[in-house]
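Here is a short set of exercises to work through with the model open beside you. Try each task before reading its solution.

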Amino acid sequence: MNTPNNKRKKESQKRIEDAFLLLLEKKELHEINVTDIVKMAKVNRSTFYANYIDVYDLADEIKRKAFENLLHLYPEESKSGKHSFNFLPLFENIQENLSFYKLLLKLDFDFLYRFDSNLDKEIVNQYYGTDDYMDYHIEFFKAGLMAIIKKWINNGCKESPQQISKILEDEYKGKKV
């Protein structure tokens with residue numbers, strides 16, 4: 001019986017995902033096709049299509065799992081729904097898993113997915129006033145943080161996570177966002 005969480009299905013998904021990530025090291029996403037993946041994973045095309053719609057669906061699943069793993073870095077924030085503004089665990093995780101994060105950048109991974117949904121509006125409004133102004137600030141902050149993360153990853157994470165965290169803190173000089 002083929003149940004959603006059976007061992008064989010999970011093993012096939014892992015092989016497909018691993019093959020995809022290996023291909024992504026050498027190619028851009030649009031250059032990867034199902035045939036390449038199934039050959040490398042040593043699975044049938046039907047196995048691929050039983051798990052994913054297409055290569056882009058597979059990429060989305062990799063990103064979803066990566067984001068779920070990031071949430072484990074922030075158990076209190078995940079539970080409370082509040083953002084701690086402590087990016088050090090993220091930076092440490094990036095440095096420890098640099099090659100994986102390089103691949104995620106090729107997939108346009110959003111490290112800050114749902115960032116603004118975890119903000120305490122009352123605290124943010126005390127710094128920035130209206131919700132309209134806050135929305136613009138959040139977009140500016142996310143774009144800046146993404147630029148820092150991308151530059152750091154592309155430079156091979158030469159600076160320590162603490163140094164990157166300090167750069168971010170210095171930029172905001174005591175503000176919580």
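**Exercise 1. Describe the overall fold and how far to trust it.**

Start with the secondary structure: the protein has 10 helices and 0 strands, where helices (H or I, at least four residues) and strands (E, at least two) are DSSP runs numbered from the N terminus. Along the sequence, the pattern reads α-α-α-α-α-α-α-α-α-α.

Next, consider the source. This is a predicted model, in which local features need pLDDT of at least 70 and side-chain atom pairs count only at pLDDT 80 or more, while totals for chains, interfaces and linings use all residues. Residues are numbered from 1 along each chain as its sequence is written, and side-chain values use heavy atoms, with hydrogens and water left out.

Now check the confidence. pLDDT is the predictor's confidence in each residue, from 0 to 100; its mean for the protein is 85, and 82% of the residues reach 70 or more. Confidence is lowest in helix H8 (residues 121-128), with a mean of 59, and highest in H2, at 98. Where pLDDT is low, the predicted coordinates should not be read in detail.

Finish with burial and contacts. Of the 177 residues, 37% are buried, meaning under 20% relative accessible area, with exposed over 50% and partly exposed in between (1.4 Å probe, protein chains only). Taking contact as heavy atoms within 4.5 Å, residues 24 or more positions apart account for 63% of the contacts with a separation of 6 or more.

**Exercise 2. Work out how H1 packs against H2 and H4.**

Two packed helices are described by the angle between their axes and the distance between the axes. Here axes are lines fitted to C-alpha atoms, for helices over the stretch in contact, and angles run from 0 to 180 degrees between N-to-C directions.

Take H2 to begin with. The axes of H1 (residues 7-26) and H2 (residues 34-41) come within 8 Å and cross at roughly 115°. Arg15, Ile16, Ala19, Phe20, Leu22 and Leu23 of H1 meet Asp36, Ile37, Met40 and Ala41 of H2. Sort these by class, counting Ala, Val, Leu, Ile, Met, Phe, Trp, Tyr, Cys and Pro as nonpolar, Asp, Glu, Lys and Arg as charged, and the others, Gly among them, as polar: the contact has 8 nonpolar, no polar and 2 charged residues.

Turn to H4 (residues 55-71), which packs on H1 at an angle of about 100°, with the axes 11 Å apart. H1 and H4 are therefore roughly perpendicular; angles under 35 degrees count as roughly parallel, over 145 as roughly antiparallel, 65 to 115 as roughly perpendicular and the rest as oblique. H1 contributes Ile16, Glu17, Phe20 and Leu21, and H4 contributes Val55, Leu58, Ala59, Glu61, Ile62 and Lys65. By class, that gives 7 nonpolar, no polar and 3 charged residues.

**Exercise 3. Classify the packing of H6 on H10.**

Begin with the geometry: H6 (residues 88-96) and H10 (residues 161-172) pack at about 140°, with their axes 9 Å apart. H6 is therefore oblique to H10.

Then list the partners. Leu88, Phe91, Glu92 and Gln95 of H6 touch Pro161, Gln162, Ile164, Ser165 and Leu168 of H10. These residues divide into 5 nonpolar, 3 polar and 1 charged.

**Exercise 4. Is each of Gln13 and Lys42 buried or exposed, and what lies around it?**

Gln13 sits in helix H1. Its relative accessibility is 19%, so Gln13 counts as buried. Leaving aside neighbours within four places in sequence, Gln13 contacts Asn51 and Tyr52.

Lys42 belongs to the loop between H2 and helix H3 (45-51). With a relative accessible area of 68%, Lys42 is exposed. Its C-alpha atom is separated by 8.4 Å from that of Ile16, 26 residues apart along the chain.

**Exercise 5. Examine the positive phi angles of Asp108 and Cys157.**

Recall the background: most residues other than glycine have a negative phi. Asp108, not a glycine, has a positive phi of about 55°. Asp108 lies in the loop between H7 and H8 and is exposed, at 63% relative accessible area.

Cys157 likewise has a positive phi of about 55° without being a glycine. Its place is the loop between helix H9 (131-154) and H10. Cys157 is buried, with a relative accessible area of 5%.
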